[in-house]
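Grab a pencil and have the structure open beside you. Try each exercise before you read its solution.

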Amino acid sequence: MPRGLKAEGVGDREVPMRFIVHGLHRTGSMSMRTALHQLGFHNCYHMVSVIESLDVDAELWIKALEAKFGDKGEKWTREDWDKLLGQSQACIDLPAALFTLELAEAYPEAKVIVLNRDPEAWYESVLGSVYKTMKPLSVLDMLRSLYCAALDPQHRAWVRFGMALGKYGLPYDHGTEKDKAIAWFKQSYQEVRDAIPVDRRFEFSVKDGFEPLCKFLDVPVPTVKDEKTGKMVTAPFPHVNDRATFTSRISGMQSKKMREATSNLFTMISKTVTLGLLGYGGYMMWKTRLGGRV
């Protein structure tokens, strides 16, 4: 359930924080989230969680980014993080992965999973997917974004969040500064390995499958029935949100934003016309009561 729907207790921790996954964008983070949900660990906070609760979470993440990278505000406490993650047993992907060390300190009982991917493969994946959404790549894209921002408060929140994320969390241009991007990626993982002891940390890749992950999590390996042999075998690890799926999903989101913005525009026009008619009607009634002629 989107956190914005909660009427009370938004800042309360409702479930224990079990796992902090240092998995940056395009490292298999959505697949990992799906796997954790499949194993019973709900909810795993992900970028999609931000999108689902933009009216609440976007501003909180902006404050967290400003506090860490912009020296604006005090260091966040566990209570601060609970306002964002109080319904989550795990977290992964941006923006949470920018705060792995802070979250590990805030939740010392949580284990840390390092979700690995080859840096070159990561760079190419981001270049062909996320990078295209970070900033308008054409005049038409810019006009669409401005149109949605002018008419849809949800999109305005998304734009503010995206600008803060780019300014504070991603200190490079992914499309033109490949060396900087890969250096940032490697440094991010090295900082986690240097800070988190081995007995608390688990190195993993989505290519490794369920067995090593389930052993670390101390849960049964999920099984499925093999259609050929009829025997129960280890379930395949979920592989979701590939580049084509990501592109399709983003396109759908953009179309939805355009529809919502246009709907808001027609609502505004309708209200304006209605108010105009009511005002004119009131004026006519006033003239009539004074005995005036039209």
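## Exercise 1: The sheet

In this predicted model, five strands make up an open sheet with parallel pairing, ordered β2-β3-β1-β4-β5. Work out which strands stand at the edges, and find the bridge partner of Val 21 in β4.

**Solution**

Step 1. Look at the two ends of the order. Strands β2 (44-45) and β5 (201-204) stand at the edges with a single partner strand each, so one side of each has no neighbour in the sheet.

Step 2. Now go to β1 and β4. Strand β1 covers residues 19-22 and β4 covers residues 111-115; they run parallel and are joined by four bridges.

Step 3. Pick out the bridge you need: Val 21 is partnered by Ile 113 in β4.

If you're wondering what holds such strands side by side, strands of a sheet pair through backbone hydrogen bonds, either parallel or antiparallel.

## Exercise 2: Two cysteines

How many disulfides does the structure hold? Check Cys 44 and Cys 91, and decide whether each is buried or exposed.

**Solution**

Step 1. Remember what you're hunting for: a disulfide is a covalent bond between the sulfur atoms of two cysteines.

Step 2. The count for this structure is zero. Take Cys 44: its nearest cysteine sulfur belongs to Cys 91 and is 7.0 Å away. To count as a disulfide, the sulfur atoms must be within 2.5 Å, so Cys 44 is in no disulfide.

Step 3. Try it from the other end. For Cys 91, the nearest cysteine sulfur is that of Cys 44, 7.0 Å away, and Cys 91 is in no disulfide.

Step 4. Now for accessibility, where buried means under 20% relative accessible area. Cys 44 has 0%, so Cys 44 is buried. Cys 91 has 1%, so Cys 91 is buried as well.

## Exercise 3: Aromatic rings

Classify the pair Tyr 45 and Trp 61, then the pair Phe 69 and Phe 99. Where in the chain do these rings come from?

**Solution**

Step 1. You need two numbers per pair, since a pair of aromatic rings is described by the distance of the centres and the angle of the planes. The count of aromatic pairs here is 16.

Step 2. The rings of Tyr 45 and Trp 61 are 5.9 Å apart, centre to centre, with 50 degrees between the planes, and the pair is tilted. Tyr 45 sits in strand β2 and Trp 61 in helix α3 (residues 54-69), 16 residues apart. Tyr 45 is buried at 2% relative accessible area, and Trp 61 is buried at 0%.

Step 3. For Phe 69 and Phe 99 the centres are 6.1 Å apart and the planes make 65 degrees. Planes over 60 degrees apart count as edge-to-face, so that is the label for this pair. Phe 69 belongs to helix α3 and Phe 99 to the loop between β3 (90-91) and α5 (100-106), so the pair ties together parts 30 residues apart in sequence.

Step 4. Compare how covered they are: Phe 69 is partly exposed at 33%, whereas Phe 99 is buried at 1%.

Step 5. Put the rings together. Tyr 45, Trp 61, Phe 69 and Phe 99 belong to one aromatic cluster, along with Trp 76 and Trp 81.

## Exercise 4: The whole chain

How many helices and strands does the chain have, and what share of the residues counts as buried?

**Solution**

Step 1. Count the elements: 12 helices and seven strands.

Step 2. Of the chain's 294 residues, 42% count as buried.

Methods
Residues are numbered from 1 along each chain as its sequence is written. This is a predicted model: local features need pLDDT of at least 70, side-chain atom pairs count only at pLDDT 80 or more; totals for chains, interfaces and linings use all residues. Side-chain values use heavy atoms; hydrogens and water are left out. Two strands pair if DSSP finds at least two bridges between them. Helices (H or I, at least four residues) and strands (E, at least two) are DSSP runs, numbered from the N terminus. Buried means under 20% relative accessible area, exposed over 50%, partly exposed in between (1.4 Å probe, protein chains only). Rings of Phe, Tyr and Trp (its six-membered ring) pair if their centres lie within 6.5 Å; planes under 30 degrees apart count as stacked, over 60 as edge-to-face and the rest as tilted.
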